[in-house]
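Me: I'd like a close look at one part of this model, with the pieces tied together rather than listed. Here it is.

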Amino acid sequence: MDAQLLQFFGSLAAITALVVAAHYLGFSKGGRLESEAEARSLFQLMPGGFEADEIALDAKGCGAIARDREHRLAVLVPHGKQFIARPLGPDAKSSVDGGTLKIDDPILGAKPIALRLGEAAANWANSSSAAK
């Protein structure tokens with residue numbers, strides 16, 4: 001019995017050490033958008049393409065929203081250290097809380113997307129097809 005407990009706690013310590021090492025090596029950090037140009041290139045990678053006419057970046061680089069010439073909207077959502085461009089569907093709803101634009105769309109999953117856009121948040125919510 002003592003050997004089994006020793007093996008259990010040894011395994012637990014090893015797993016904990018791996019998790020801590022992964023954290024300090026940066027594997028637990030999310031991606032960050034550095035510029036509008038980077039966001040524009042990521043929007044272009046969206047299936048079917050998406051030529052952004054207007055882009056608003058989250059204040060901390062944790063996402064972005066864009067509108068094309070046909071007034072369609074798309075968002076960049078974090079996926080690990082990368083970003084995925086997703087179009088907003090007709091069922092998308094948006095609201096503003098302070099300077100944060102919150103977007104709820106079944107296409108994006110159960111958790112709403114929150115983009116810290118400052119004063120621009122109200123403009124995106126009011127002028128977007130996501131505002132309902």
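How many aromatic pairs does the count come to, and what is around them?

Reply: Keep in mind that this is a predicted model. The count comes to two aromatic pairs. One is made by Phe 8 and Phe 9, an edge-to-face arrangement with 5.1 Å centre to centre and 70 degrees between the planes. The other joins Phe 43 and Phe 50: the ring centres are 5.8 Å apart and the planes stand at 45 degrees, so this pair counts as tilted. Both Phe 43 and Phe 50 are buried.

Let's stay with Phe 43, as it leads straight to a helix. Phe 43 is one of the buried residues of H2, along with Ala 39 and Leu 42. These three cover an arc of only 100 degrees around the axis, which puts them on the same side of H2. And what lies over them? The cover of H2's buried residues includes S1, S2, S3 and S4.

Those four strands make up an open sheet, in the order S1-S2-S3-S4, with antiparallel pairing. The edges are held by S1 (54-57) and S4 (82-87); each has a single partner strand, so one side of each has no neighbour in the sheet. On average, neighbouring strands here are turned by 20 degrees against each other, direction ignored. Helix H2, residues 36-44, packs on this sheet and touches S1, S2, S3 and S4, with its direction at about 120 degrees to that of S1.

Inside the sheet, have a look at S2 (residues 64-67) and S3 (residues 73-79): they run antiparallel and are joined by four bridges. Within that pairing, Ala 66 sits opposite Ala 74 of S3. There's a ring contact of another kind to look at too: Arg 67 lies over the face of Trp 124, at 4.4 Å from the ring centre.

Further along the chain, there's another antiparallel pairing to check, between S6 (residues 100-104) and S7, again with four bridges. Here Ile 103 is the residue opposite Ile 113 in S7. In a regular strand, side chains alternate between the two faces of the sheet. You can follow that along S7 (residues 113-116): Ile 113 and Leu 115 point to one face and are buried, whereas Ala 114 and Arg 116 point to the other and are not buried.

So, back to your aromatic pairs: the tilted one is Phe 43 with Phe 50, and Phe 43 is among the buried residues of H2, the helix that packs on the sheet.

Terms used. Residues numbered from 1 in each chain as written. Predicted model: local features only at pLDDT ≥ 70, side-chain atom pairs only at ≥ 80, totals over all residues. Heavy atoms only, no water. Pairing = 2+ DSSP bridges. Helix = DSSP H or I, 4+ residues; strand = E, 2+ residues; numbered from the N terminus. Axes fitted to C-alpha atoms, helices over the stretch in contact; angles between N-to-C directions. Contact = heavy atoms within 4.5 Å. Buried < 20%, exposed > 50% of the residue type's maximum accessible area, 1.4 Å probe, protein only. Arc of directions from axis to C-beta. Phe/Tyr/Trp six-rings, centres within 6.5 Å; stacked < 30°, edge-to-face > 60°. Lys NZ or Arg CZ within 6 Å of the ring centre and 35° of its normal.
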